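User: I would like to go through this model with you, one place at a time. Please start wherever you see fit.
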Amino acid sequence: MAKLTVFFKNKAIHSGVFENGIVHIGRDETNDLTIDSLAVAPAHAVIIIGDNDCTIKQLNDDFPLIINGKKVKTCSLNNSDTISMGKHDVIFSTIESIPSTSAFNNPVDEDVKLLNQGIDSELHSPVANLQFMSGNNIGKILQLKKPMTRLGHDGNGVIAIAKRKEGYFVSVLENSGKITVNNEPLNDKSLKLNTNDVLVIDNTSLQFFLN
């Protein structure tokens, strides 16, 4: 598990905590960590997070990947390494090194303090999932890792599930098909999801649950 904090002009603008696996970084909003800058490639780099080590790899030769001031194609990451992409810096931290907000005895930058409070909350918040109850992917579990997850197909209904402080909320982006929650039409309202709620979109049933 690792934390990535994005800085622009020495100011922290957003951060994320990631489980072991592959983290995609780039300008395109489909990435796990999105950096909105033309100096960043749509698919700029990937970080492979393992139990004992982490590796970063460049994905586009036209967009440099710089670690601690040096251009690299691939390299291992260590705690507090600085990943530079265009005018943005990303600070890599292992979870074990992230201090609890209660550990601060001296005044700290308010932005950093708020970011750490958000990380503390995220680490202890339940993980949301959707399990396919019908269709070709029956039994498969989809973990809702991003702040917003888009599901469905244009022309057959599209929904968005957004993570908020109060929980997870589902809303309709396109209602060409029949979209229901617990057999009730979703229509144009935003609805908070509870464990065991069943969504039907494009004739596919999915059950929402937290763990």
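Analyst: This is a predicted model. A good starting place is A41, which sits in the loop between β4 (33-34) and β5 (45-49).

User: Is A41 buried or exposed?
Analyst: A41 is buried, at a relative accessible area of 0%.

User: Which residues does A41 touch, leaving out those up to four places away in sequence?
Analyst: A41 touches G26, R27, N60 and F63. As for G26, its C-alpha atom is 5.6 Å from that of A41, although the two are 15 residues apart along the chain.

User: Let us turn to the nonpolar interior. Which residues of the largest nonpolar core touch the most other members?
Analyst: They are L4, I47, I56 and I83, in a core of 23 residues. At least two core residues come from each of β1 (2-8), β3 (21-26), β5, β6 (54-58), β9 (74-77), β10 (82-85) and β11 (88-94).

User: And what else is there beyond that core?
Analyst: There is a second, separate core of 18 residues, with L151, V172, V181 and F208 among them.

User: Back to I83: what does I83 touch?
Analyst: Not counting residues up to four places away in sequence, the contacts of I83 include I47, I56, L65, I66 and I67. L77, H88, D89, V90 and F92 are also touched by I83.

User: Now the sheet. In what order do the six strands run?
Analyst: The order is β2-β1-β11-β10-β7-β8, in an open sheet with antiparallel pairing. Its edge strands, β2 (11-18) and β8 (70-71), each pair on one side only.

User: How many bridges join β7 and β8?
Analyst: Strand β7 (residues 66-67) pairs with β8 over two bridges, in the antiparallel sense. I67 has K70 in β8 as its bridge partner.

User: How many salt bridges does the structure hold?
Analyst: It holds one salt bridge. D61 and K73 form it, with their closest N and O atoms 2.9 Å apart.

User: Why does that pair tie together separate parts?
Analyst: D61 belongs to the loop between β6 and β7, and K73 to the loop between β8 and β9, so the pair links parts that are twelve residues apart in sequence.

User: Are D61 and K73 buried or exposed?
Analyst: D61 and K73 are both exposed.

User: One last place: where does T149 lie?
Analyst: T149 lies in strand β14 (residues 148-153). T149 is buried, its relative accessible area being 14%. Apart from neighbours within four places in sequence, T149 is in contact with L144, I159, A160 and I161.

How values were computed: Residues numbered from 1 in each chain as written. Predicted model: local features only at pLDDT ≥ 70, side-chain atom pairs only at ≥ 80, totals over all residues. Heavy atoms only, no water. Helix = DSSP H or I, 4+ residues; strand = E, 2+ residues; numbered from the N terminus. Buried < 20%, exposed > 50% of the residue type's maximum accessible area, 1.4 Å probe, protein only. Contact = heavy atoms within 4.5 Å. Core = buried A, V, L, I, M, F, W, Y, C linked by side-chain atoms within 4.5 Å. Pairing = 2+ DSSP bridges. Salt bridge = Lys/Arg side-chain N within 4 Å of Asp/Glu carboxyl O.
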